[in-house]
Each structure stands twice: as C-alpha cells, then as structure tokens.
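Open the model in your viewer and keep the selection box handy. We will go from stop to stop, picking residues and looking at what is there.

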Amino acid sequence: GYTESQWQMRYAIIKQANDILRYVPSISMDEALKKRILGEANFNAGYMYFQLAANYADERAGVPIVTVENMDNEKATPRATNIEENYRHIEKLLKEAADQLPFFNELEEADYGRAHKVAAWAVLSKMYLYKKDYKNAIIYADMIINQGKRGLEPTFTDVFKATNNWGPEYIWSVTSTAAGTDGWGSILPGVMLTNGAWGLYNGWGYYMPTKELYDSYEAGDARREATILKPGDKFTFFGSERIFTPASSATCDMQFNKYMEPFSHVNPVGKHVSPNGNHMATDLNVPLIRFAEILLIKAEASIMLNGTGAGDKELNMIRKRAKLIEKTGMTLADLKRERRNELAGEFADRHRDLVRWGDAQDTYAKPLHTYAMKNGSGMPVEFAGRKFDPKIHHVWAVPRREVDNSAGLIKQNQGW
C-alpha cells in the first residue's frame with residue numbers, strides 16, 4: 001500500500017544527502033555556494049528523519065540513523081535506541097543547516113524552492129513541539145516571527161493562489177508546475193478534485209472533508225467556505241461559474257476547496273493544470289509548513305508551558321484573518337480547533353496531532369458523515385468508526401521488506 005514505499009523513499013533522499021556531505025567539502029568551488037549546498041543536504045536529511053521518526057519511532061525504538069560514517073557498512077544499520085536519539089540527530093542536522101543556509105529573500109528567483117534558513121528553524125520548532133520541549137519550540141517560533149521575514153497573507157484565500165507561491169506565508173512547500181507533458185510536483189489538487197471533474201478533467205475524488213469538519217467551524221469563519229465545497233456552493237471551474245454537485249460515483253457530497261484556484265482559469269490545461277489527467281500537478285505549490293502553523297506551534301507550546309490564555313496573541317492573529325472576533329483565555333481545546341480549522345486538508349499532520357494529543361483513539365472511534373447524502377434506505381450516509389489501539393497504531397508498521405532485507409537487524413514495531 002501507500003505506506004510501503006515511504007521508508008525507502010526517505011532513506012533514498014538521506015543517501016543523496018550523505019553523498020553530498022561526503023564529497024562536496026573537498027571540491028574546489030565558490031565557498032558561499034558550497035556552504036549553501038551543504039546546508040541543503042543537512043536540511044533534507046533532517047527533514048526526512050523528522051518524518052521517519054514521526055511515522056515509525058517511539059520510546060521503544062527509533063529509526064536507523066545512516067550517516068557518512070556508516071553508510072558503506074555491508075550490514076543494515078539497526079534502529080536507534082528510541083525516538084529521543086532520533087531527535088538529537090535531527091536537531092544536529094537542522095541546526096547545522098540553519099547556520100549554513102541563507103534567508104529566503106537572499107535566494108535568486110531561480111533557486112526558489114530550495115531549502116533556506118527559516119525552513120530549518122520551522123522544522124526545528126515543530127520537532128521541539130513533538131518532543132514536548134516547549135521552551136525551544138517557542139524560541140525557534142519566535143526566531144521566525146521576529147527575524148524570519150515571513151508573515152500572514154492578508155486573506156485566507158490568498159494563501160492558495162499560485163501567484164502567492166512565494167508570498168510572505170511561504171516557508172516550505174511542494175514546488176509544482178503544470179509545464180511539460182506531465183507537470184511535476186504535488187498532484188494533491190487533482191486527487192482531491194471530485195471524481196471525473198464534471199467531464200472536464202480527471203479528478204480522483206479522494207481525501208474528502210466530513211460534516212464533522214464542516215460543523216467544527218464557528219459561524220462566520222471565512223476559512224470554512226474557503227476550505228470546503230458543499231452542494232449548492234458557487235465556484236469557478238475552467239473559466240465558468242458552476243454550482244457544486246458531486247459526481248454520481250462520489251462517496252461524499254463535499255470536496256476540499258483550497259486547491260481549486262488552478263482549475264478556475266479559462267482553458268487551464270497546459271498552463272495551470274497538467275496535460276496528463278493521470279498526473280494532476282498544477283502551478284500551485286502545496287504548503288508543507290506555512291507561517292500560520294508557526295503561530296499555532298508557538299500558541300500550543302505557550303499554553304502547555306503557561307496555561308490558559310498564554311497563546312491568545314498568536315491565536316487571535318489567525319482568528320482576525322478568519323473574520324472572527326478576538327478571544328481571551330483560550331485553552332488547549334481552542335488551540336486544537338484552530339489548528340484543525342486553519343490547516344484542514346493540508347500536509348500538516350492531522351493524524352500525528354491526534355496521536356500526540358492522545359485523542360486518536362476516541363476520535364477514530366466516532367462515525368463520520370457526509371453533508372446531506374442519504375443511503376438506499378433514506379438514512380444519512382455514515383462511515384463507521386475505526387479501531388485505534390494507542391499502544392500499536394501510534395506508529396506505522398516497518399515495511400516487511402526492510403525487516404527481511406536486513407536479516408532481522410531492523411526490528412518490527414511491536415504489535416504489527
């Protein structure tokens with residue numbers, strides 16, 4: 001399945017980063033460029049290890065740490081003792097990267113999409129949040145807020161316009177284009193597009209929002225309609241205004257709206273949307289970490305350290321843009337709602353949030369619903385709850401081929 005290749009792909013990037021760290025230092029070349037290249041390698045390795053640790057590691061076992069020093073070993077590298085050992089290695093890599101990399105605004109336009117100093121700070125801040133090192137999470141969030149030359153877009157919808165790919169809110173994203181025969185980058189916009197896309201394109205209709213998500217927004221929250229399309233909503237598709245109706249084959253009567261801007265243009269194929277309907281890349285870069293998430297990280301860490309109300313300033317910055325009234329005395333429950341509503345449908349780790357908050361078991365046990373679809377008996381369509389065992393399912397299973405190919409040196413996660 002989907003998760004089977006995730007381990008191998010990330011270690012392939014780590015291998016490339018290690019090759020750079022091994023060979024580039026001895027090359028005679030421009031020293032500023034060399035420094036940046038080494039910073040990119042450290043960042044890419046650190047970011048991959050952060051994702052690997054979040055997916056596979058816990059206090060019982062970490063993920064293998066493959067470095068320049070051990071990468072040529074004939075035998076597989078065993079798993080780290082625990083996730084804390086991984087965090088220490090990630091911290092080392094990302095701090096080195098931050099020291100070596102320029103600020104984003106110091107890059108030439110041709111180099112946009114490469115790692116930069118604030119991206120390294122951002123992953124560090126998020127890692128410290130996961131590590132429950134709230135003091136350092138705040139320190140690195142503040143470095144971004146005060147020194148990073150990043151900020152919120154004026155409106156929520158501005159975040160998801162291709163013209164703002166490199167706007168103030170950008171920190172790290174999947175650089176994407178519709179150019180060429182297939183385009184390249186993230187295909188998420190097409191994956192979320194309703195199945196068949198009303199005969200004009202090849203949407204897949206995956207990753208659909210639920211009634212529960214829709215209902216979680218406060219009345220008047222500008223993010224709700226910007227995030228979710230439901231029956232009867234007006235939107236622009238291939239240059240024409242339409243009324244949203246799901247495909248007859250759809251299993252849900254809503255879809256995410258965040259990534260629809262590339263499809264809004266007249267004749268978008270080839271310019272804004274990939275000509276290959278089976279590889280639906282667009283000219284919109286899909287965010288991985290953006291400035292709003294940094295505010296949320298700081299708010300959460302502040303609440304965890306100092307209690308109710310400690311994250312009000314950052315949360316109200318986000319609420320103000322969403323056209324909501326400012327509040328005081330906001331709690332962790334408020335933070336959880338704001339994080340869900342701000343980042344819904346993004347690569348912002350909703351599942352990992354539920355796991356680290358201890359909410360996954362109860363959340364996944366609840367059934368989910370469409371906006372208004374009925375089944376053959378005239379009853380609301382309901383998706384049954386799922387079993388989540390927090391002692392097993394908080395981490396993924398290590399791919400069986402990795403265990404087998406290592407001759408047992410790489411152990412499986414307990415319970416899988």
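Which residues are buried in helix 1? Keep in mind that this is a predicted model, then select residues 6-23, the range of helix 1. The buried ones are Gln6, Trp7, Arg10, Tyr11, Ile14, Ala17 and Asn18. They cover an arc of only 115° around the axis, so they sit on the same side of helix 1. Show helix 2 (31-56) and helix 14 (400-405) as well, since these are what the buried residues of helix 1 pack against.

While helix 1 is selected, try a ruler on its end C-alpha atoms: they are 26 Å apart. That agrees with the 26 Å expected for 18 residues at 1.5 Å a residue.

**Into the core**

Next, pick Tyr49 and show what surrounds this residue. Beyond its neighbours within four places in sequence, Tyr49 is in contact with Tyr11, Ile14, Val63, Pro64, Ile65, Val66, His89, Ile90 and Leu93. Two of these names, Tyr11 and Ile14, you have already met among the buried residues of helix 1. Now add Phe43, Ile171 and Trp172: together with Tyr49, they touch the most other members of the largest nonpolar core, which has 73 residues. A second, separate core has 17 residues, including Val159, Cys252, Leu284 and Val286.

**Salt bridges**

The model has 44 salt bridges; here are three to visit.

- Select Lys126 and Asp349, whose side chains meet at 2.6 Å, N to O. Lys126 belongs to helix 4 (residues 117-131), while Asp349 is in the loop between helix 11 (332-343) and helix 12 (350-357), so look for partners 223 residues apart that link distant parts of the chain. Both are buried.
- Move on to helix 12 for Arg356 and Asp353, where the closest N and O atoms are 3.1 Å apart. These two are three residues apart, which separates them by about one helical turn. Both are buried here too.
- Finish with Asp215 and Lys211, which meet at 2.8 Å, N to O. Both lie in helix 7 (residues 211-216), four residues apart. Are they buried or partly exposed? Asp215 is partly exposed, at 47% relative accessible area, and Lys211 also counts as partly exposed, at 24%.

**Last stop: a hairpin**

Select strand 7 (residues 368-374) and strand 8 (residues 380-383), which pair in the antiparallel sense over three bridges. Lys374 stands opposite Pro380 in strand 8. Five residues lie between the strands of this hairpin, and Gly378 takes a positive phi near 80°.

Definitions and conventions:
Residues are numbered from 1 along each chain as its sequence is written. This is a predicted model: local features need pLDDT of at least 70, side-chain atom pairs count only at pLDDT 80 or more; totals for chains, interfaces and linings use all residues. Side-chain values use heavy atoms; hydrogens and water are left out. A nonpolar core is a set of buried Ala, Val, Leu, Ile, Met, Phe, Trp, Tyr and Cys residues joined through side-chain atoms within 4.5 Å. Buried means under 20% relative accessible area, exposed over 50%, partly exposed in between (1.4 Å probe, protein chains only). Contact means heavy atoms within 4.5 Å. Two strands pair if DSSP finds at least two bridges between them. The expected span of a helix is 1.5 Å times one less than its number of residues. The arc is that of the directions from the helix axis to the C-beta atoms. A salt bridge is a side-chain nitrogen of Lys or Arg within 4 Å of a carboxyl oxygen of Asp or Glu.
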